[in-house]
Structure formats: structure tokens, C-alpha cells
Amino acid sequence: MIKFGKNSCSVPVVASGMVAGLMVAFAIIGGFRNYSEIPYWDMWDGVLGFVWKIKSGDYFLWIGQFNEHRIFLSRIIFWLDYSIFGDLNILSIIANYVLTGIGVFVFVLYVKEIDENKKLSKGEFSIVVSLIISWEFLWTQSENLFWAFQSQFILAQLLPLMSLFFMAKFVKEFSVRFYVISCFVAILSLGSMANGILVFPLLFLYALIMKINRVKCVILLCCAILFPLLYFVDYHAPDGHAHFFESLMGHPRQFLCYVLMYLGNPFHYLLGKGAGGHVVAILAGGIFISVLILTIYRQALLKSRSAFVVALLFFALYVGASAIGTAGGRLALGLQQALSSRYTTPVIMAWLALVISVSVTFSFENENVRRPLRWGCAVLLILMVSFQVKALRSEEPTAFLRKQAALSLALGVNDVDYIHVLYPDADRAMMLANQALHYGISVYSREPFSGARKNIGHETSLSNKQRCVGFVDHVYMINNAPDYLRLDGWIYSPSSSSVPEYIEISNENKIVAGYAVVGMPRDDVAVKFGKSARLSGFGGYVKKSLLTAAMSGIGINPGCQFYLK
């Protein structure tokens with residue numbers, strides 16, 4: 001392993017520990033700031049669609065496809081979130097952070113096994129652990145942390161890493177239980193994402209290289225054939241995805257760029273995105289491949305090698321193969337797609353595996369080599385902390401837009417401009433929302449979404465003598481929903497020094513004519529009424545046929561009333 005100096009003082013230990021603490025703390029704060037119970041993008045089909053189909057008796061869906069994947073393990077999390085934890089997406093998000101933490105633990109186990117002769121001092125080992133924590137919780141992978149749908153993306157890397165670790169333990173200790181655990185975890189990998197089918201073939205190659213006995217190699221070979229075949233039973237190619245060889249042969253240059261950008265993804269974020277970030281990502285991807293090949297070659301020349309280093313190199317190959325497979329299926333969506341935040345997680349783990357392998361494989365005893373490496377680590381940490389601060393940014397406007405889009409779906413208002421915030425196909429989103437309302441799933445089991453549509457046109461049961469202050473700023477026509485108007489404005493309750501959660505809009509005959517959600521930041525209102533009025537902005541919908549000369553808005557929690565002007 002790379003050593004930090006014979007007399008490593010406590011300053012680097014404390015500094016690296018503080019950096020790790022900040023990285024984790026900022027990542028957790030980012031999770032809170034980005035939290036939303038509103039379904040987003042793939043969650044509509046992957047969670048809501050899954051839950052209502054299971055409730056309707058389609059139990060085969062547990063192992064059915066989602067795009068090209070069979071996300072069985074994540075579906076367990078989604079179902080638990082729905083059936084036990086109130087369907088608030090909280091369990092699913094916590095799972096993302098817990099799985100990332102388990103990834104840290106597994107990498108630390110690798111380091112402990114590699115450093116079995118205790119060449120690292122306690123201080124140096126603490127620094128290594130802090131660096132692993134910092135890198136693993138990097139905010140470039142933010143989508144896989146705060147998005148409730150992404151546990152499978154973390155599992156698809158974590159499980160192969162664990163499977164290879166237990167196989168390395170078997171090579172070291174010849175205990176059959178580690179071999180069995182490794183195979184069991186490899187089977188679980190099939191229930192994470194499609195690239196899980198690569199794990200048994202990699203284990204078989206690993207077993208050949210590490211000269212595991214013939215019977216166990218044959219077992220792994222049989223598994224490498226059988227389980228992928230089982231995976232493709234009743235499989236159908238998802239719509240909109242290109243064929244692998246069509247992408248490779250038809251666009252070889254773009255294919256290569258996609259793979260390189262994928263493997264250099266984190267550095268695109270760390271160096272500010274933009275055109276320069278694209279170039280940096282390509283260069284970083286090239287460095288990753290070059291160093292990986294060089295390290296594999298160097299390991300091949302060694303008479304004795306660590307089973308755990310070889311396992312880490314196989315994991316890096318696994319991520320590289322995943323990058324190639326992703327390019328084959330997603331190249332048609334554009335090169336920019338390779339830089340998606342969710343693709344950062346596998347690359348983060350692959351770089352960590354590679355760095356650990358390189359530090360063991362090559363000797364860095366020369367101070368002229370070690371000095372620039374230390375400086376490089378320091379610069380990287382500065383870039384990481386600087387980027388991690390972005391986790392503290394407010395996401396309130398985005399959260400509000402999603403809430404208003406969810407309201408439009410609850411009311412059956414085809415407000416495409418807003419629905420596209422949640423899902424690309426407004427008509428399909430409407431269908432899924434209708435099913436969610438029918439089965440009482442997700443936000444559509446709670447007010448105002450659950451009862452909004454059925455209350456329109458009926459007499460309001462609400463009244464409140466407490467007065468709000470508020471104003472309607474704009475009223476818009478909606479092309480795809482001519483029977484509704486969209487309106488926005490602000491509302492505030494001076495008596496309670498707070499803003500309502502939502503508004504029920506009624507006409508002078510006390511008939512419910514519409515609803516609005518509250519929560520858009522309004523700094524202009526905060527200037528007048530104070531900080532408690534900052535999230536006073538509202539947006540909602542009113543049915544045209546129910547408009548009268550006088551319209552009222554009744555705020556809920558706290559209860560108050562104002563006249564729409």
C-alpha cells in the first residue's frame with residue numbers, strides 16, 4: 001500500500017477524518033434537501049406501476065423486467081416502503097445511504113485483507129479509511145442517494161464487489177462457506193440489474209486464474225451458463241434501446257467516446273462540467289483503461305499475488321464491461337447520457353478498486369514519486385469538498401414544481417408543461433396516476449391529492465373565519481385542458497405566522513372549484529411579512545365552469561381564508 005511517511009503525524013489523520021465527516025454530513029443534508037414524496041421519472045412505472053399490479057394479482061412482476069433489468073431486490077425495498085413505512089419514499093432513500101455505507105465497509109475489509117502484515121500504521125490506516133469514505137459519498141452520484149428509485153444501481157456494484165471478496169476469502173482460507181456465500185451473492189446480483197449476469201462468468205475466470213480446484217471451477221462454469229439463460233427466459237428487448245452491435249459497428253467513434261466518458265464521469269463534475277468537463281472525462285476514462293491494463297499486466301508477472309487485489313481488478317473489469325454494455329444500449333440517447341449522475345456510482349467504486357490495486361502492485365518508495373502523489377490527493381480532496389458543498393443548495397423550487405405537477409394529475413388536468421417535470425409521457429402519467437388514485441398508492445393516498453378530483457363540483461365542507469392575506473398573480477389557459485385554468489400567487493396567515501399546506505378554492509355558492517399547493521419560494525413576500533412567509537407561493541387549478549364573481553381560497557394547516565383577486 002502507499003505509505004504516508006514513517007512518522008505520520010496526527011494532523012493528516014485528523015484532517016482526513018474531518019474531510020470524511022464533512023463529505024458524509026453534506027451528503028446526508030443533501031438527501032434531506034432533495035427529499036420528495038412525489039414519484040419522479042422511473043418511479044411511476046417502477047414503483048407505482050409495480051405496486052398496483054401486485055395489488056391486482058400480477059405476482060410474476062416480482063421477477064419481471066423493468067427496461068432490461070430484473071430489479072427484484074429493490075422491489076422488496078419498494079414494497080416494504082409502501083406496505084410498512086407509509087409509502088413516503090423514506091425507507092428507499094435510507095436504503096441508498098445504508099448500501100453506500102456497506103460499500104465503504106467492504107472496501108475497508110479489502111484493505112485489511114491486503115494489509116494482513118500490518119505494513120500500514122494505525123494512523124495511515126485511518127487516513128485510508130477516511131479517503132474511502134470521502135470518495136464513496138461523493139455528491140456527483142447524488143441521484144443514487146436522494147432518489148428513492150436507485151437502490152438497484154448501488155446493489156448492482158456492491159453485490160459483485162462482495163461476491164469477489166468472498167471468493168478471494170475462499171482462495172485464502174480454503175473454507176467452503178466462503179465459496180458458497182460468494183455464489184449466493186452472485187445469484188443475488190441477478191436481481192439487481194442486468195449487468196449482474198456478468199458476475200458468474202467473472203467468478204469462473206477468477207477461479208481459473210487463482211487455480212481453484214477443478215470441481216469448483218466446473219460449478220462456476222455451469223452457473224455462468226445456467227443463470228444468464230434463466231435470466232433471459234421470457235425476456236424482451238425494451239423499446240427505444242439500440243442493439244449493441246448496431247451501436248458498435250454503426251458509430252464506433254461515438255461508442256468509444258461514450259465508454260471513456262462513462263469511466264471518467266466523476267471528473268466531469270469535479271472540474272466544472274461544460275466542454276472542458278467532457279474532455280476531462282474522456283481523458284480520465286483513457287487513464288482508467290490504461291492504468292487498469294498496466295496493473296493487470298504487472299500482476300500477471302508476479303509469482304505470488306494477493307487474491308484480494310486480483311478480485312479488485314476483476315471488479316474494475318466488471319464496471320468496464322458494464323460501461324461497454326451501457327454504451328451498446330444507450331448510445332442512441334446521446335453522448336451526454338454517459339455523464340448522468342447515476343452512472344457515477346459504479347465508476348466511483350471502480351476507481352477506488354483500481355487505486356487500491358495500483359498502490360499494492362507498484363512500489364512508490366521514491367520520494368520524487370510519492371510527493372506529487374500526495375499533492376495530487378490533496379488537490380482531489382479540495383475538489384471533492386468544493387463539489388460536496390453543492391449538496392447544501394436549496395431544491396425548494398423543484399420540489400414545488402413536482403407537487404403542482406402531482407396536483408394536475410390528481411385533478412385529471414393534462415397540464416403537459418408541469419407533468420413533464422415528473423414524467424416524459426403526460427398521457428401515460430395520467431393513466432398511472434389514475435391507477436394510483438384507485439388503489440390509494442403513494443401521495444395519491446393523502447390529501448389534497450386523494451380527494452381533489454371527487455370534491456370538484458361538490459359543496460365544500462370547509463369554512464374558516466380566520467383571515468389570510470394573499471393574491472393571485474397570474475391566470476393561464478391550458479391548451480390540453482381547456483376546461484381548467486392554471487393560477488399562481490401567494491398566501492400567508494399573519495395570525496399563525498405560517499403558510500398553509502394547500503388551498504381549496506370555492507365559489508360564492510360554496511362549491512369546490514379547484515385546488516392549489518403551496519411552497520414556492522417568494523422572497524418578495526418574505527420581505528414584507530418575514531422569513532416565515534418565504535414559502536408562501538402557490539400554484540393550482542380552477543374549473544372554468546365553476547367560476548363566479550367571488551372566489552375564496554381556504555388554506556389548510558393552518559386554516560384561514562382569503563378572497564382571490
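This is a short walk through a sheet, a helix that lies across some of its strands, and a few buried residues. Keep in mind that we're looking at a predicted model.

Let's start with the sheet. Seven strands, 7 in total, make an open sheet, ordered β1-β2-β5-β4-β3-β6-β7, with antiparallel pairing. At the edges sit β1 (469–477) and β7 (560–563), each of which pairs on one side only. On average, neighbouring strands here are turned by 25° against each other, direction ignored. If you zoom in on β3 (residues 502–507) and β6 (residues 551–556), you'll find 6 bridges joining that antiparallel pair. Ile 505 stands opposite Gly 553 of β6.

Okay, on to helix α18. It lies across β2 (484–492), β4 (512–520) and β5 (537–543), and runs at about 165° to β4. How far apart are the end C-alpha atoms of α18? They're 23 Å apart, which agrees with the 22 Å that its 16 residues should span at 1.5 Å a residue. Buried residues of α18 include Phe 400, Arg 402 and Gln 404, and also Leu 407 and Leu 411. Right after the helix comes Gly 412, with a positive phi near 80°.

Now for the core. The largest nonpolar core has 184 residues, and Tyr 206 and Tyr 444 touch the most other members. Beyond its neighbours within four places in sequence, Tyr 206 contacts Met 167, Ala 168, Val 171, Ala 307, Val 310, Ala 311 and Phe 314.

Last one: Asn 195, in the loop between α8 (176–189) and α9 (199–209). Is Asn 195 buried or exposed? It's buried, because its relative accessible area is 15%, under the 20% cut-off. Leaving out residues up to four places away in sequence, Asn 195 touches Ala 156, Gln 157, Tyr 318 and Ser 322.

How values were computed
Residues numbered from 1 in each chain as written. Predicted model: local features only at pLDDT ≥ 70, side-chain atom pairs only at ≥ 80, totals over all residues. Heavy atoms only, no water. Helix = DSSP H or I, 4+ residues; strand = E, 2+ residues; numbered from the N terminus. Expected span 1.5 Å × (residues − 1). Buried < 20%, exposed > 50% of the residue type's maximum accessible area, 1.4 Å probe, protein only. Core = buried A, V, L, I, M, F, W, Y, C linked by side-chain atoms within 4.5 Å. Contact = heavy atoms within 4.5 Å. Pairing = 2+ DSSP bridges. Axes fitted to C-alpha atoms, helices over the stretch in contact; angles between N-to-C directions.
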